[in-house]
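Please open the model in your viewer and keep the selection tool at hand for the stops that follow.

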Amino acid sequence: MKGKRWAVLTSYGIVLSLLLSACSPGTGGGSNTEKASRPPDEGQHSQQYEADPFGTYDPPVQLHIARPVDQSWTYPGGDSIEDNIWYREYRNLLGIEIIHDWTALPGEYNRKLNVMIALGSLPEMFSVSAAQLKGLADADQLEDLTKVYERYASDRTKKLQMGDGGAALASATFNGKLLAIPIVNAPIYEANLLWVRTDWLERLGLPEPGTLEEVFAIAEAFAKEDPDGNNQADTFGLALNNYLYGGFASLTGFFNAFHAYPQTWIKDGNGQVIYGSIQPEMKHALGKLQEMYKTGQLDREFGVKDSNQVMEDITGNKLGMTFGANWNPYVFLDAVRHNPGMEWKPFPVPSVDGMPAKASVGFSASGYVVVRKGFEHPEAVVKMLNLHEEVVHGARRGEGEFITMEGDGGERINTSRLSIVQSGVSNEDVAESLSLLREAIQNEDESLLKDALTETDKYGPALDYLNTGNMENWDVAHQYFGFEITMDHYSGDRLLMTAFGGQTPTMTEKWAMLDRLEKETFTKIIMGAVSIDEFDSFVKEWNRLGGKAILEEINEP
């Protein structure tokens, strides 16, 4: 592996120094049409081109791509996957003609792309996973985008890409070269909160939870003191599903309370990446879960219940507390409708020792867009991202037809998915937007939302619920309450994003087995089928079966 660099997020120095500075005029969102000659190391050709984020190729250039396309997609009258509002804007504004080398169903795209990679038959631009990116980088099949990003990325694009501190860009950088455009998202949405049925608290005369000990007391009371009032011992203290993690009925928040971070790559005191699921804090938390299971606070059948079955139990008044994401109210809504008086409230996750708990979340890049090495116009990928950001989040976001359009039957059709180079919003964007949303609701002034990039649709329903108690808006308003907890408790260093977003060879080969080993062992421990000391054996086995090799690969200089 000598001379290769894993996409490890242990240092952002090189990529930040390259990407924070604008090395030439025309890298902002204006219409500067400065002519510049392509330096010899910027592609295979040296010719005149415009250093303008939205400059038009004249004559137009053809761009051969591959992309996933779902057969269920519908299009406004006369449009198709080959001719639609996004493709026309690429052609009219940027002078880019899109040509499909091939398409595939979403579930088959990666398989077909792997075949094409093996054959050496690559389109000029296409999307890849972290593993595919690593393989193509090692094979030197990708165009270096470092300089074209510096020259062409608009101010808005650069703000988006740096909204996670540069982690996504670092994961796309190999040996100092930016080889992909990350598809940025906002893992802040994943932060687990503690959701509690406050109507059960009131019925049992219990205080709202402020400490972890109070959470345990609530769990015991919900299991033993008949909170639903049916005179049957049929309720449990804490919901969990057989997957163990995720955004609903999850144990991620429970583990976070013990400063444990399952399925998360974290840094130790020496800056080395380690795996959260094998740290001693996990054993402490698992021991508590085993105790709760033995005393009847956990559903004895949780090991065979998926999220849908857990939701059925909530609707059936069997569960009153769960860890999960801010969007859980949409899951609760059916239960609320079937059980008048049911009320859920979000709380921050308390910690075992009083030190603030951190929320562990995933990585900020969900995929990557790459350019085949040797393509004459690699800057096209940056221009297309600039267009996406300007239309979806920038000055042109009032042009709603790029997001949805009305079909022939009056239905709303999602047109945003037709964009080829796109990104969501970053953690920074979400935090700024939620702050504006709260200010607008508190002042009942919708005009304060003008600079918000997301969640603006929550304003009306949340305000209506707060003013009238309209149950039609219960779910939206309660998600907003979850947003408030997230803003107040899970920003800055309280949000622990996984420190590694790539793939290593051993991870590609062994991860499914290691993941299964982890969940099976933890389930057995919780259910008391094995001793808590089985955790120590699990750690040794995890390392032996490939975990140690993965960590060595991640931490390779």
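Select first the largest nonpolar core, which has 165 residues, a nonpolar core being a set of buried Ala, Val, Leu, Ile, Met, Phe, Trp, Tyr and Cys residues joined through side-chain atoms within 4.5 Å; Trp 86, Tyr 90, Ile 96, Phe 254, Trp 265 and Met 384 touch the most other members. This is a predicted model, in which local features need pLDDT of at least 70 and side-chain atom pairs count only at pLDDT 80 or more, whereas totals for chains, interfaces and linings use all residues. Residues are numbered from 1 along each chain as its sequence is written, and side-chain values use heavy atoms, with hydrogens and water left out.

Next, centre on Met 384, whose contacts (heavy atoms within 4.5 Å), not counting residues up to four places away in sequence, include Leu 63, Tyr 90, Ile 96 and Ile 420.

Move then to Ala 285 in helix H11 (residues 280-294), where helices are DSSP runs of H or I with at least four residues, numbered from the N terminus. Ala 285 counts as buried because its relative accessibility is 0%, buried meaning under 20% relative accessible area with a 1.4 Å probe and protein chains only. Beyond four places in sequence, Ala 285 touches Phe 254, Phe 255 and Phe 258, while 9.4 Å separates its C-alpha atom from that of Val 352, 67 residues apart along the chain.

Finally, colour by pLDDT, the predictor's confidence in each residue from 0 to 100: the mean for the protein is 91, but pLDDT stays under 50 over residues 1-48. Where pLDDT is low, the predicted coordinates should not be read in detail.

Definitions and conventions. Buried < 20%, exposed > 50% of the residue type's maximum accessible area, 1.4 Å probe, protein only. Helix = DSSP H or I, 4+ residues; strand = E, 2+ residues; numbered from the N terminus.
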